[in-house]
Amino acid sequence: MIDVSDPRQATATAPTPTVRPRRYLPQQRHLPVLATLTLLATMYGLGALNYTGFAQPQILLNVFVDNAFLLVVAVGMTFVILTGGIDLSVGAVVALTTVCAAVLLREGWPAGVVLPLVLLIGTTLGLLMGLIIHFFDIQPFIATLAGMFLARGLCHLITSDSIPITDAFWTGAAQQRLRFGDGYFISISVVIALVVVLIAAFVLAYTPFGRNVYAIGGNPQSALLMGLPAGRTRIAVYTISGFCAALGGVLLSFYMLSGYSLHAQGLELDAIAAVVIGGTLLTGGSGYLLGTVLGVGVLGLIQTIIAFQGTLSSWWTKIVIGALLFAFIILQRLVTRRRR
């Protein structure tokens, strides 16, 4: 017989726990981001195989040099879509920022005054739309559509002409390059965009505000029952989107060195496409800023491949983006069904 009071015998007869091998498979919420990363790597690899000079690292850097303003706008759009909303005004706010900056600089205003002023204008417009959406319970689509018409109309009211920017600060920022390696460089706009991405990623991942954004997008009713500040959070994300749109307008004015009421037409759709292709659910509650960065990279790489091809119309960019959107929306649907 076994004496259970004897610890040596009890230890000897104790069943050995089954050690299950760890699974290193990605979680379902990471699948859209991994799909975007795979797509980006595949496109870059195919471009390198088919076009001379495509494999140079500067080609990939140029994707972000040419789309730094879009990346900043897409960061703000990510906050909005994570809450289950949408912001159709960002393209018009970008154009309004370029027009206001160009007009004020032409009138002799110092750049140190113009820069914070145009950022304040975009931020205020975003705040107003957030207040309307929350206090009047207006659908974000309608409220931001009205904001889009308002901002674009203000552009044409100020001027319908393209105004060149010759201010020394603006031209200096446009020409500034951060060089490294064997002739590789990025613009100051890329540096600003990366700083915005890092700050936004930290806010979403490590602050109560970021957790509130995800919670409201995941289940608004549960967020309210938990006592989360849903109203303040929703107002804040549209304010952030307005600020990012204004900053994107500043970066676009660095890139174009002009202000024009027709700048950034359709940019809101490009920003939404970048966010969705980057894996953020349109219904909210799931997504990563890394995916948004990859989404912007995909859009820029499509344009680069078509430019290298040389024989394709620029409209093929829209066709390919449309096909990718269909594919990623279907992928998102499959992932959300599996979770249920």
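In the predicted model, α15 provides the largest share of the lining of the largest pocket, namely four residues. This pocket has a volume of about 480 Å³. Its lining comprises 18 residues, and those nearest the pocket centre are Phe69, Gln265, Asp270, Gln303 and Lys318. At least two lining residues are supplied by each of α4, α12, α13 (267-277), α14 (289-309) and α15 (315-339). Classified by side chain, the lining of the largest pocket holds nine nonpolar, six polar and three charged residues.

Enclosed space was examined next. One cavity of 30 Å³ or more was counted, and the volume of the largest cavity is about 30 Å³. The residues that line the largest cavity are Val65, Ala68, Phe69, Ser189, Leu251 and Tyr255. Two elements, α4 (68-82) and α12 (230-256), give two or more residues to this lining. Five of the cavity-lining residues are nonpolar and one is polar, while none is charged. Phe69 thus appears both in the lining of the largest cavity and among the residues nearest the centre of the largest pocket.

Two helices were considered for their length and burial. Helix α14, which contributes at least two residues to the lining of the largest pocket, has 21 residues and should therefore span 30 Å at 1.5 Å a residue; its end C-alpha atoms are 30 Å apart, in agreement with that value. Of the 21 residues of α14, 15 are buried, so that the helix is mostly covered under the criterion of less than 20% relative accessible area. Glycine 310 follows α14 and has a positive phi, near 85°. Helix α5 (residues 90-106) is built from 17 residues and extends 24 Å between its first and last C-alpha atoms, close to the 24 Å expected at 1.5 Å a residue. Burial is recorded for 16 of the 17 residues of α5, and this helix is likewise mostly covered. After α5 comes glycine 108, with a positive phi near 95°.

The largest nonpolar core contains 89 residues, and within this core Val75 and Trp170 have the most contacts. When neighbours within four places in sequence are set aside, tryptophan 170 is in contact with Ala101, Leu105, Ala111, Val114, Leu115, Ile165, Val250, Ser253, Phe254 and Leu257.

Two further residues illustrate opposite surroundings in terms of accessibility: threonine 36 is buried, whereas alanine 55 is partly exposed. Threonine 36 belongs to helix α2 (residues 31-50). This threonine counts as buried because its relative accessibility is 0%. Beyond the neighbours within four places in sequence, the contacts of threonine 36 are Ile277, Gly278, Gly279, Leu294, Gly295, Val298 and Phe328.

Alanine 55 is located in the loop between α2 and α3 (57-66). Its relative accessibility of 46% is why alanine 55 counts as partly exposed, a class that lies between the limits of 20% and 50%. With neighbours within four places in sequence again excluded, alanine 55 is in contact with Tyr44 and Ala48. Tyrosine 44 stands eleven residues from alanine 55 along the chain, and the C-alpha atoms of the two are separated by 7.6 Å.

Note on methods
Residues are numbered from 1 along each chain as its sequence is written. This is a predicted model: local features need pLDDT of at least 70, side-chain atom pairs count only at pLDDT 80 or more; totals for chains, interfaces and linings use all residues. Side-chain values use heavy atoms; hydrogens and water are left out. On a 1 Å grid over the protein atoms alone, a cavity is a set of points where a 1.4 Å probe fits but cannot get out, and a pocket is an open set with protein on both sides within 12 Å along at least five of seven lines; lining residues have an atom within 4 Å of a point. Grid points are joined across faces, edges and corners, and a volume is the space filled by probe spheres set on the points. Ala, Val, Leu, Ile, Met, Phe, Trp, Tyr, Cys and Pro count as nonpolar, Asp, Glu, Lys and Arg as charged, and the others, Gly among them, as polar. The expected span of a helix is 1.5 Å times one less than its number of residues. Buried means under 20% relative accessible area, exposed over 50%, partly exposed in between (1.4 Å probe, protein chains only). A nonpolar core is a set of buried Ala, Val, Leu, Ile, Met, Phe, Trp, Tyr and Cys residues joined through side-chain atoms within 4.5 Å. Contact means heavy atoms within 4.5 Å.
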